[in-house]
Amino acid sequence: MKMNRLILVLLIGFSFVSFSQEIKGSFAKEIGVKLALQYVLQLPENQKEKFPLMVFLHGSGERGTDLELVKNHSPFTYQHLIQSPIAILAPQCPENVWWDTNALYQLILDISEKYNVDKARIYLTGLSMGGWGTWKLAEEHPELFAAIAPVCAPVDRLMLINADKLKDKPIKIYHGALDDVVLPTDSIDMYQKLKEKNKTVELIIFSNDNHNSWDSTYSNPAFYQWLLAQHL
């Protein structure tokens, strides 16, 4: 009797195995994604010729829906130092997320088509979370920017891996030596990685600055002189 039960159990087990199957296939589906960003765009006055565009990415503290926040700690504060006509584009990142670089890319393309932008002179800079967005967007679309300037930017491992994509790009990296929010080692590591292929990259460490190294960066007229001298 026990032997009969064992045989029955084995038969049941084999019956399950006989119905198992392997399926190989492929899946493809187009899903539309809506991209949306608020922004502030300042255009030069009475400018008939093509003008350069500086894209500024703010930090985490300016996220949300109050567009006036994007001007905080930014080149807007020091625009009187810029001696040549230039447009400044400052998108706003929604709350509780980091920069969507696909949305940023599409926004920049849209602005550069709608207005009389010199596409050989599009510049990208950002601070803290915006510095992270600067690295990410520049590595994804190096062909778009004539120069980039990340300020006190976090750097992730993927950015270090993809640093070679910026081997021909004019880059200045800014950080405060006393920064205890984003350690200066992030910028140092990125600089060392870039320096292997990009001999012109510069790292500027402000010895007395904490995380607010954006003040020392954007208040220096030489920053804008360097930026505006770069062309694709």
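How accessible is Asp164: buried, partly exposed or exposed? Asp164 is partly exposed, with a relative accessible area of 33%. The answer comes from a predicted model. The report starts with the overall layout and returns to Asp164 under salt bridges.

## Overall layout

The protein has 7 helices and 7 strands. Read from the N terminus, the elements run α-β-β-β-α-β-α-β-α-β-α-β-α-α.

The protein has 232 residues, and 44% of them are buried. Contacts reach far along the sequence. Take the contacts between residues at least 6 apart: 75% of them join residues at least 24 apart.

## Nonpolar cores

In soluble globular proteins, nonpolar side chains tend to be buried together. Here the largest nonpolar core has 34 residues. Trp135 and Leu194 have the most contacts inside this core. Several elements each supply at least two of its residues: β2 (51-57), β3 (87-92), α2 (101-114), β4 (117-127), α3 (129-140) and α5. Another core lies apart from this one. That second core has 27 residues, among them Val40, Ala147, Trp214 and Trp226.

Which residues does Trp135 contact, leaving aside its neighbours within four places in sequence? The list includes Ile148, Pro150, Ala153, Pro154 and Val155. Met159, Leu166, Ile171 and Ile173 are also in contact with Trp135. So are Met190 and Leu194. Leu194 thus appears twice: as a contact of Trp135, and beside Trp135 as a residue with the most contacts inside the 34-residue core.

## Aromatic pairs

A pair of aromatic rings is described by the distance of the centres and the angle of the planes. The count comes to 6 aromatic pairs. In one of them, the rings of Tyr174 and Phe223 have centres 5.8 Å apart and planes at 70°. An angle over 60 degrees counts as edge-to-face, so this pair is edge-to-face. Tyr174 lies in strand β6 and Phe223 in helix α7 (residues 221-228). The pair therefore ties together parts that are 49 residues apart in sequence. Both partners are buried: Tyr174 has a relative accessible area of 6%, and Phe223 is at 3%.

Phe223 also pairs with Tyr218. Their ring centres are 5.5 Å apart and their planes at 75°, so this pair is edge-to-face too. Tyr218 is buried, as is Phe223. Tyr174, Tyr218 and Phe223 belong to one aromatic cluster with Phe56, Phe206 and Tyr224.

## Salt bridges

Side chains of opposite charge can pair when their charged atoms come close. The whole structure holds 7 salt bridges. One of them joins Lys197 to Asp164, with the closest N and O atoms 3.2 Å apart. This pair links distant parts of the chain, 33 residues apart. Lys197 sits in the loop between α5 (185-195) and β7 (202-206). Asp164 sits in the loop between α4 (157-161) and β6 (172-176). Lys197 is partly exposed, at 47% relative accessibility. Asp164, at 33%, is partly exposed as well.

Lys167 forms a salt bridge with Asp168. The closest N and O atoms of Lys167 and Asp168 are 3.2 Å apart. Lys167 is partly exposed, at 38%, whereas Asp168 is exposed, at 66%. Glu68 and Lys71 form another salt bridge, with a closest N and O separation of 3.5 Å. Lys71 is partly exposed, at 30% relative accessibility.

## A buried acid without a partner

Asp209 is found in the loop between β7 and α6 (213-218). Is this residue, Asp209, buried or exposed? Asp209 is buried, yet has no salt bridge. The nearest side chain of opposite charge belongs to Lys172, 15 Å away. A salt bridge needs the nitrogen within 4 Å of a carboxyl oxygen, so Lys172 does not serve as a partner for Asp209.

What does Asp209 touch, not counting residues up to four places away in sequence? Its contacts are Gly176, Ala177, Leu178, Asp179 and Ser216.

## Cysteines

The structure holds 0 disulfides. Cys93 is buried, with a relative accessible area of 1%. Cys152 is also buried, at 0%.

Technical notes. Residues are numbered from 1 along each chain as its sequence is written. This is a predicted model: local features need pLDDT of at least 70, side-chain atom pairs count only at pLDDT 80 or more; totals for chains, interfaces and linings use all residues. Side-chain values use heavy atoms; hydrogens and water are left out. Buried means under 20% relative accessible area, exposed over 50%, partly exposed in between (1.4 Å probe, protein chains only). Helices (H or I, at least four residues) and strands (E, at least two) are DSSP runs, numbered from the N terminus. A nonpolar core is a set of buried Ala, Val, Leu, Ile, Met, Phe, Trp, Tyr and Cys residues joined through side-chain atoms within 4.5 Å. Contact means heavy atoms within 4.5 Å. A disulfide is a pair of cysteine sulfur atoms within 2.5 Å. Lys and Arg count as positive and Asp and Glu as negative; His and the chain ends are not counted. Rings of Phe, Tyr and Trp (its six-membered ring) pair if their centres lie within 6.5 Å; planes under 30 degrees apart count as stacked, over 60 as edge-to-face and the rest as tilted.
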